[in-house]
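Trainee: I would like to learn how to read a model with a bound ligand. Can you take me through one?

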Amino acid sequence: MNVIGPDDPRYADLTAGINQRYAAKPSAVHLPRTTAEVASAVSAAAGRRLSIRSGGHCFEDFVHHEGVDEILDLTALSEVNFSDGVFSVGAGARLHDVYEKLYLGWGVTIPGGICYSVGAGGHITGGGYGLLSRRDGLTVDHLYGVEVVLADGRTVVVTRDSAGAEADLFWAHTGGGGGSFGVVTRFLFEAPLVTPPSEVLVAALSVPWTHLDERAFARLLGGYARWHHKHRAPDAPGRALSSLLMLNHRCNGTVGLVAQIDAAAPHAARVLDEHLSAVLGDLVTREFAAAGEFGPMPGLSRPRRLPWLRATRFLGTNTPVLNDPTLRAEHKSAYVRSTLPESQLRTAYEFLTRPDVTNPNTMLVAFSYGGAISAVDPAVTAVAQRDSTFKLLYQAFWSTVDADAGNIAWVRDFYRSMYAETGGVPVPGEVVDGCYVNYPDADLSDPVWNTSGVPWHDLYFKQNYARLQRAKSAWDPRDFFHHRQSIRPA
Ligand SMILES: Cc1cc2nc3c(=O)[nH]c(=O)nc-3n(C[C@H](O)[C@H](O)[C@H](O)COP(=O)(O)OP(=O)(O)OC[C@H]3O[C@@H](n4cnc5c(N)ncnc54)[C@H](O)[C@@H]3O)c2cc1C
């Protein structure tokens, strides 16, 4: 096995993820090539703190933490193959490689995330949703099994057909988050897997902030929420459509909407047009190409018909800010169940137009949810939030240490003001439904920022936390695999 120490030129690349706020100083980074090598690294690490890294995209310091003694990097376990009716996806594979290999090899896919470089290991264990999820559900809705190296170095394969404690271990990997139970080396999906659309209609539009006063802004975000509420059912006419509304701060100049629909869905062009009108109304200014988090998208200001893989590659790689090697970031999330109250629309407007903010990469992003996702009972997988209609992601990107305080404060204040009535966090209720574990937020376990009395684990997992703890007690009772917000033994 390749073992990298502090003197190795590769060390710096392997001890920080994409968010440069977090770095680890481990004595070694292991780069196993096989499951057996993972098992021997885990066995040898006994008593020392080991963190697991697949794509390095964690929003928090769960992987790249100062207290970590060793890192296990799964990059080399990235094989995607098919045998005996089962697809196997290596935990170290990046999402775009997974999409390309599954689609070009067998004409199938998983309904995972948008960004090309996210690793399967963290993404799938946390649920995994993307532009096909309203049509096809979450990635974990299709998961058949996982191969896991346990704290004692044993390797087990547990599946949907497992019983007893093994069934709990499998279930814990359907949204319980990474870094709590063991090292996943492979994810298994049974055939037939999702067939992606052969073509999609994609549109990317932007609205200049000069067109947005408070009323127009409320119509825009309110329109996004209303469309998703109306089309929330698994059989809704809009189930084949997903979109992202990128509400950049006013100093950016524009806000953007990117929408995609399966071109073969009934009345696809009309459904897409109705979505654009429902959100943008008379703000539609087709002469503008979208800009913002997803960069400029010239040529998409009118819906374009594209082969699915080409559209997926384009949308997944067109995020210039994420290629910044000095990237620093802060994020917070909320699941939304209904339309938004006027007070929240007002608060969003206030923070997105605050005159003291000068960073154009501060934003609130709304992502489609609902549709097929809501066809699954909350207890079937570890993902408890099944009737939400969209998610909100509060975030800021910047690149220098001296800008940390101001950017973090903006995200924190915005979030605390949005959920002021429930202790500064989106406590599950009529409007919101907690937070997405794959958008982890350390502040949820800090009583300064979460005064709701609802613990972080209930915001992520709600009633499913008890079963996650049962799995943890059975499979890692000494808490060998842990981080700031890992599942605690019961
Ligand atoms: C730019 C960007 C875009 C994103 N887009 C989406 C999206 O569209 N949809 C979505 O659902 N999410 C999205 N996410 C969130 C993403 O799913 C999570 O950040 C995910 O956890 C990243 O996985 P990773 O392997 O890259 O991260 P890592 O930092 O390597 O790991 C994340 C967590 O999982 C654990 N882990 C990693 N590998 C394993 C393993 N093999 N076994 C056990 N535990 C493991 C780590 O210890 C850590 O706790 C996005 C994130 C970013 C940064």
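Mentor: We start with the ligand, then turn to the sheets and the backbone.

Mentor: This is a predicted model, so local features need pLDDT of at least 70, side-chain atom pairs count only at pLDDT 80 or more, and totals for chains, interfaces and linings use all residues. Residues are numbered from 1 along each chain as its sequence is written, and side-chain values use heavy atoms, with hydrogens and water left out.

Trainee: How many residues surround the ligand, and which are the closest?

Mentor: A residue is near a molecule if one of its heavy atoms lies within 4 Å of it. Here 33 residues surround the ligand. The closest are I52, S54, G119, Y129 and Y436.

Trainee: How many residues of the shell are nonpolar, polar and charged?

Mentor: The classes are fixed: Ala, Val, Leu, Ile, Met, Phe, Trp, Tyr, Cys and Pro count as nonpolar, Asp, Glu, Lys and Arg as charged, and the others, Gly among them, as polar. The shell divides into 17 nonpolar, 15 polar and one charged.

Trainee: Which helices and strands supply at least two residues of the shell?

Mentor: Helices (H or I, at least four residues) and strands (E, at least two) are DSSP runs, numbered from the N terminus. Strand 3 (50–53), helix 4 (120–125) and strand 9 (183–190) each supply at least two residues. Helix 4 gives the largest share, three residues.

Trainee: Which polar contacts does the ligand make?

Mentor: Look for a pair of N or O atoms within 3.5 Å; within protein, one must be able to donate a hydrogen and the other to accept it, and residues adjacent in sequence count only if both atoms are side-chain atoms. A ligand nitrogen lies 2.7 Å from a backbone N or O atom of Y129. A polar backbone atom of G56 is 2.9 Å from a ligand oxygen. The side chain of N438 has an N or O atom 3.1 Å from an oxygen of the ligand.

Trainee: What area does the ligand expose when taken alone, and how much of that does the protein bury?

Mentor: Accessible areas come from the Shrake-Rupley method with a 1.4 Å probe; for residues, only the protein chains shown count as cover. Alone, the ligand exposes 970 Å², and the protein buries 94% of that.

Trainee: Now the sheets. What is the order in the sheet of seven strands?

Mentor: Strands of a sheet pair through backbone hydrogen bonds, either parallel or antiparallel. Two strands pair if DSSP finds at least two bridges between them. This open sheet runs 13-10-12-11-15-16-14, with antiparallel pairing. Strand 13 (304–307) and strand 14 (328–336) are the edges; each has a single partner strand, so one side of each is left without a neighbour in the sheet. The twist averages 20 degrees from one strand to the next. Angles run from 0 to 180 degrees between N-to-C directions, with axes fitted to C-alpha atoms, for helices over the stretch in contact.

Trainee: How many bridges link strand 10 and strand 12?

Mentor: Strand 10 (199–208) and strand 12 (254–262) pair in the antiparallel sense over nine bridges. One bridge partner of note: L257 in strand 12 for L205.

Trainee: Which strands does helix 9 lie across?

Mentor: Contact means heavy atoms within 4.5 Å. Helix 9 (308–317) lies across strand 10, strand 12 and strand 13, at about 100 degrees to strand 13.

Trainee: Where is the cis peptide bond?

Mentor: Check omega. The cis bond joins A191 and P192, with omega about 0 degrees. P192 sits in the loop between strand 9 and strand 10.
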